[in-house]
Amino acid sequence: MNRIIGHEKARRDILDAALAGRLHHAWILSGPRGIGKAGLAREIALVLLAGEEEKGSVAGDHPAAHLFHAGTHPDYAELARLEKDSGDLARNIGVDQIRGLARLIATAPSVSNRRVVLIDAADDMERSAANALLKSLEEPPRDMVFLLISHAPSRLLPTIRSRCRMLRLSPLGQADMASALRLAAPEMDETERDDLIRIGEGAPGRALALSGLGVATMLDALARIAATGDPGNAERIALAKALSPRPARARYEAFLDQVPGFIAARAREKRGDALAGAIAAWEQARDLAAQAVPLSLDPAATVFELCSHVASLTAQAPAAA
């Protein structure tokens with residue numbers, strides 16, 4: 001397991017608490033998607049299971065590491081949305097998955113000093129699953145640690161938040177982003193890496209998900225639309241044609257992800273009425289992008305409309321000097 005880049009304070013907060021004998025039973029690791037929260041939680045879980053809190057890492061030949069990486073460690077469970085027969089992921093983490101932890105919770109550790117449960121992401125739990133988990137958090141078993149990943153802690157039940165220690169993780173700086181991308185994709189050329197650092201917003205996972213999708217080219221097209229207004233619709237039509245075919249689905253979804261952020265960045269440069277107009281464009285683009293896939297909106301029409309929101313920035317007054 002490669003060591004997660006960054007987030008050293010969060011790592012030490014948990015491991016130092018374990019060393020001092022005051023490890024809380026439940027922790028929320030919160031922050032934007034793709035910054036390494038789940039990877040850090042797995043790294044911490046393995047250290048706790050191996051009893052290597054002082055060292056802070058676990059050698060690959062450690063017995064706990066063998067069990068952990070094989071997915072057979074008897075004192076560890078990880079919950080996430082299940083894959084359906086169609087290949088898609090379930091909408092939520094279900095109550096049966098939480099109930100499936102009963103045996104682990106009820107029995108003493110088998111080979112480690114602790115049992116660890118990781119939920120990625122706790123935001124995905126359906127209400128009944130969250131209520132079932134709450135019972136364990138209210139009456140925590142001895143030597144049990146829950147690590148909850150959350151992209152939006154406000155979506156969690158207040159009663160769950162109140163029983164957990166919150167660790168807020170921040171996006172990585174450029175140097176850490178470069179290190180993370182080199183570690184994850186050593187074969188990546190420098191130009192692509194620089195592009196991904198620019199568009200990844202401090203989230204290596206997000207950047208890697210966009211690798212090879214031509215996002216830099218999309219952003220260049222959006223910049224031209226914002227600069228000229230695309231009076232003949234040529235840029236809009238070209239993007240709609242390129243992103244609407246089924247084989248381009250991944251690029252289309254990346255485009256949906258990028259447009260609201262592009263408009264938000266341009267909005268920061270504006271003042272007065274221009275700022276109000278840019279905020280309105282951002283809100284409409286954000287809502288449209290969020291609805292496009294769940295509502296199966298027509299990709300070509302969606303791309304064209306999103307580009308029109310970008311083009312509307314041109315007609316607004318320039319930023320104040």
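This note goes through a predicted model point by point, from its overall make-up to its cores, a helix pair, salt bridges and two loop residues.

1. Overall make-up. The protein in this predicted model has 321 residues, of which 45% count as buried, and its secondary structure comprises 15 helices and five strands. Taken along the principal axes, the C-alpha atoms fill a box of roughly 70 × 40 × 40 Å. Among contacts in the protein with a sequence separation of 6 or more, 71% are made by residues 24 or more positions apart.

2. The largest nonpolar core. This core has 43 residues, and the members that touch the most other members are Leu222, Leu239, Phe255, Val259, Ile263, Val303 and Val310. At least two residues of the core come from each of helix 8 (174-184), helix 9 (190-199), helix 10 (204-210), helix 11 (215-228), helix 12 (234-243), helix 13 (249-267), helix 14 (272-292) and helix 15 (299-311). Helix 13 gives the most, with eight residues.

3. Leu239 and the other core. When residues up to four places away in sequence are not counted, Leu239 touches Ala221, Ile225, Phe255, Val303 and Cys307; of these contacts, Phe255 and Val303 are also named with Leu239 among the members of the largest core that touch the most others. Apart from that core lies another, of 33 residues, which includes Leu15, Ala38, Leu49 and Tyr76.

4. The pairing of helix 11 and helix 13. Two packed helices are described by the angle between their axes and the distance between the axes. For helix 11 and helix 13 the angle is about 45 degrees, and the axes are 10 Å apart. Because an angle of this kind is neither under 35 degrees nor in the range of 65 to 115, the two helices are oblique to each other, and their crossing is right-handed. On the side of helix 11, the residues that take part are Val215, Met218, Leu219, Leu222, Ala223 and Ala226, and they meet Arg251, Ala254, Phe255, Gln258, Val259, Phe262 and Arg266 in helix 13. A reader tracing this interface will find in it Leu222, Phe255 and Val259, which were listed above for the largest core.

5. Salt bridge between Glu8 and Arg11. A search of the whole structure finds 18 salt bridges, one of which joins the side chains of Glu8 and Arg11 at 2.5 Å, N to O. The two residues lie three residues apart in helix 1 (residues 8-19), so they are separated by about one helical turn. As for their surroundings, Glu8 is partly exposed, with a relative accessible area of 39%, whereas Arg11 is buried, with a relative accessible area of 1%.

6. Salt bridge between Arg99 and Asp96. In this pair the side chains meet at 3.7 Å, N to O, which is within the 4 Å cut-off for a salt bridge. Arg99 and Asp96 are also three residues apart, in helix 4 (residues 95-99), and so about one helical turn separates them. Arg99 counts as exposed at 57% relative accessibility, and Asp96 counts as exposed at 58%.

7. Salt bridge between Asp287 and Arg286, and a network. The side chains of Asp287 and Arg286 meet in a salt bridge at 3.1 Å, N to O; Asp287 counts as partly exposed at 35% relative accessibility, and Arg286 counts as partly exposed at 35%. Elsewhere, salt bridges that share partners join Glu8, Arg11 and Glu43 into one network.

8. Ala152. Where does Ala152 sit? Its place is in the loop between strand 4 (144-150) and helix 7 (158-162), and at 22% relative accessibility Ala152 counts as partly exposed, given that buried means under 20%. Although Ala152 and Ser30 are 122 residues apart in sequence, their C-alpha atoms are 7.0 Å apart in space.

9. Ser57. The loop between helix 2 (37-50) and helix 3 (63-70) holds Ser57, which is partly exposed, with a relative accessible area of 30%. Leaving aside neighbours within four places in sequence, Ser57 is in contact with Arg3, Val47 and Glu52. Ser57 and Ser211 are 154 residues apart along the chain, and their C-alpha atoms are separated by 29 Å.

Key
Residues are numbered from 1 along each chain as its sequence is written. This is a predicted model: local features need pLDDT of at least 70, side-chain atom pairs count only at pLDDT 80 or more; totals for chains, interfaces and linings use all residues. Side-chain values use heavy atoms; hydrogens and water are left out. Helices (H or I, at least four residues) and strands (E, at least two) are DSSP runs, numbered from the N terminus. Buried means under 20% relative accessible area, exposed over 50%, partly exposed in between (1.4 Å probe, protein chains only). A nonpolar core is a set of buried Ala, Val, Leu, Ile, Met, Phe, Trp, Tyr and Cys residues joined through side-chain atoms within 4.5 Å. Contact means heavy atoms within 4.5 Å. Axes are lines fitted to C-alpha atoms, for helices over the stretch in contact, and angles run from 0 to 180 degrees between N-to-C directions. Angles under 35 degrees count as roughly parallel, over 145 as roughly antiparallel, 65 to 115 as roughly perpendicular and the rest as oblique. A crossing is left-handed if the near helix is turned anticlockwise from the far one by less than a right angle, and right-handed if clockwise.
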